[in-house]
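This briefing gathers local geometry, packing and confidence values for a single protein chain. The points are grouped by topic and can be followed alongside the sequence and the coordinates.

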Amino acid sequence: MTDLDLLRDQLLGYGRVLLGYSGGVDSALLAVVGRQALGPERFLAVIGRSASYPEVQWQGAVELARRFDVPLLEVETRELSDPRYLENSTSRCYFCKSELWVRLGEVAQARGFDTIIDGTNADDLGEHRPGLRAAGERRVRSPFAELGWSKAAVREASRALGLPTWDAPAAPCLSSRVMYGLEITPQRLRQVEEGESYIRGLGVTGDLRVRHHGDRARIEVAPDQLPALRAEWEAVTEYFAGLGFASVELDPAGYRRGGLLTLTPRSPD
């Protein structure tokens with residue numbers, strides 16, 4: 001069997017399946033393969049909507065679901081009403097995912113779904129991801145991790161199926177851009193989202209982060225995108241001043257995963 005056959009068999013063993021769907025590389029593949037393997041009566045992709053979920057990602061997620069005929073439901077999540085989430089410790093993701101899985105659990109129970117799944121892959125298991133604990137507490141299954149699929153394997157399978165997300169950059173929630181210890185607010189999330197949208201509009205491709213440091217923004221892009229962004233730097237500084245930042249800097253090291261975590265002592269998960 002091909003790897004995709006293995007994935008289909010894995011999903012078939014879960015009964016009626018509900019997917020926590022963001023439209024990112026991992027969940028997009030699960031959405032399409034889940035729909036193929038289980039059919040529209042036994043599979044449902046659910047998006048959790050809040051101010052921390054980027055609008056452009058929502059648009060892509062909805063379009064992919066429409067294109068591949070994936071049953072889709074949107075629910076409101078209320079992590080921004082949780083003071084533990086707003087205080088933005090290094091365990092912030094735990095409170096976000098706890099809220100998400102509670103909401104999806106309610107949907108699963110009301111609609112008779114047997115299993116909730118997420119897009120965690122084998123590479124994620126070795127990283128700082130407090131949200132994994134929340135998934136474990138709610139008995140969320142992770143088919144990629146269970147099969148030992150790496151991110152590269154997910155991308156390869158996505159490409160084989162012709163998914164537009166196969167080479168998409170990682171897209172975590174907007175709160176992941178805010179410096180740990182700095183309170184999460186809708187205004188700060190908006191600054192990040194609008195800043196990243198502006199940078200994309202300049203033609204920057206690949207990985208991109210606008211890191212929020214209070215009155216200062218730090219921009220991380222892939223190393224090969226640095227020259228193009230430097231050429232537009234005067235316009236960039238003017239735009240970010242309009243967003244409310246006193247200053248903006250371009251990180252010469254370029255994008256790197258967990259860039260904010262290196263600046264903050266890790267708290268227990």
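In which loop is Asn 88 found? Asn 88 is found in the loop between α4 (83-86) and α5 (92-111), and its backbone is treated below together with that of Asp 69. The model is a predicted one, with an average pLDDT of 94 over the protein and 94% of the residues scoring at least 70. The pLDDT falls below 50 over residues 265-269, a stretch that nevertheless has 11 contacts in the model beyond near neighbours in sequence.

**Positive phi angles**

- Asn 88 is not a glycine, yet its phi is positive, at about 60°; with a relative accessibility of 0%, this residue counts as buried.
- Asp 69, likewise not a glycine, has a positive phi of about 55°, and its place is in the loop between α3 (55-67) and β3 (72-76).
- The relative accessible area of Asp 69 is 48%, and because the partly exposed class ends at 50%, Asp 69 is still counted as partly exposed.

**Aromatic pairs**

- A search of the whole structure returns 5 aromatic pairs, among them that of Tyr 239 and Phe 240, whose ring centres are 6.2 Å apart and whose planes stand at 75°, so that the pair is edge-to-face.
- Phe 240 also pairs with Phe 245, in a tilted arrangement with 5.9 Å from centre to centre and 35° between the planes.
- Why is one pair called edge-to-face and the other tilted? The classes depend on the angle between the planes, because over 60 degrees counts as edge-to-face and under 30 as stacked, with the rest counted as tilted; the 75° of Tyr 239 and Phe 240 falls in the edge-to-face class, whereas the 35° of Phe 240 and Phe 245 falls in the tilted class.
- Tyr 239, Phe 240 and Phe 245 belong, together with Tyr 198, to one aromatic cluster.
- Within this cluster, Phe 240 is buried with a relative accessible area of 0% and Phe 245 is buried with 4%, while Tyr 239 counts as partly exposed at 30% relative accessibility.

**Charges over rings**

- Arg 133 lies over the face of Tyr 94, at 3.9 Å from the ring centre.
- Arg 159 places its charged end over the ring of Trp 166, at 4.4 Å from the centre of that ring.

**Packing of helices α1 and α2**

- Helix α1 (residues 3-12) and helix α2 (residues 25-38) have axes that come within 9 Å of each other and cross at roughly 70°, which makes α1 roughly perpendicular to α2.
- On the α1 side, the residues that meet α2 are Leu 4, Leu 7, Arg 8, Leu 11 and Leu 12; on the α2 side, their partners include Leu 29, Leu 30, Val 33 and Gly 34.
- Ser 27, found in helix α2, is buried with a relative accessible area of 5%, and, when its neighbours within four places in sequence are left aside, Ser 27 is in contact with Leu 19, Gly 20, Tyr 21 and Ser 22.

**Contacts between separated parts of the chain**

- Val 154, whose place is in helix α8 (residues 151-160), counts as buried at 0% relative accessibility.
- Although Val 154 and Leu 29 are 125 residues apart along the chain, their C-alpha atoms are separated by 7.4 Å; leaving aside neighbours within four places in sequence, the contacts of Val 154 include Val 25, Asp 26 and Leu 29, together with Asn 121, Phe 144 and Trp 149.
- Phe 68, in the loop between α3 and β3, is partly exposed with a relative accessible area of 22%, and the C-alpha atoms of Phe 68 and Gln 36 are separated by 9.1 Å, with their positions 32 residues apart along the chain.
- Not counting residues up to four places away in sequence, Phe 68 touches Val 32 and Arg 35 as well as Gly 162, Leu 163 and Pro 164.
- Arg 129 lies in the loop between β4 (115-117) and α6 (131-137) and counts as partly exposed at 32% relative accessibility; its C-alpha atom is separated by 9.3 Å from that of Thr 90, the two residues being 39 residues apart along the chain.

Terms used
Residues numbered from 1 in each chain as written. Predicted model: local features only at pLDDT ≥ 70, side-chain atom pairs only at ≥ 80, totals over all residues. Heavy atoms only, no water. Phe/Tyr/Trp six-rings, centres within 6.5 Å; stacked < 30°, edge-to-face > 60°. Buried < 20%, exposed > 50% of the residue type's maximum accessible area, 1.4 Å probe, protein only. Lys NZ or Arg CZ within 6 Å of the ring centre and 35° of its normal. Helix = DSSP H or I, 4+ residues; strand = E, 2+ residues; numbered from the N terminus. pLDDT = per-residue confidence, 0-100. Contact = heavy atoms within 4.5 Å. Axes fitted to C-alpha atoms, helices over the stretch in contact; angles between N-to-C directions. Parallel < 35°, antiparallel > 145°, perpendicular 65-115°, else oblique.
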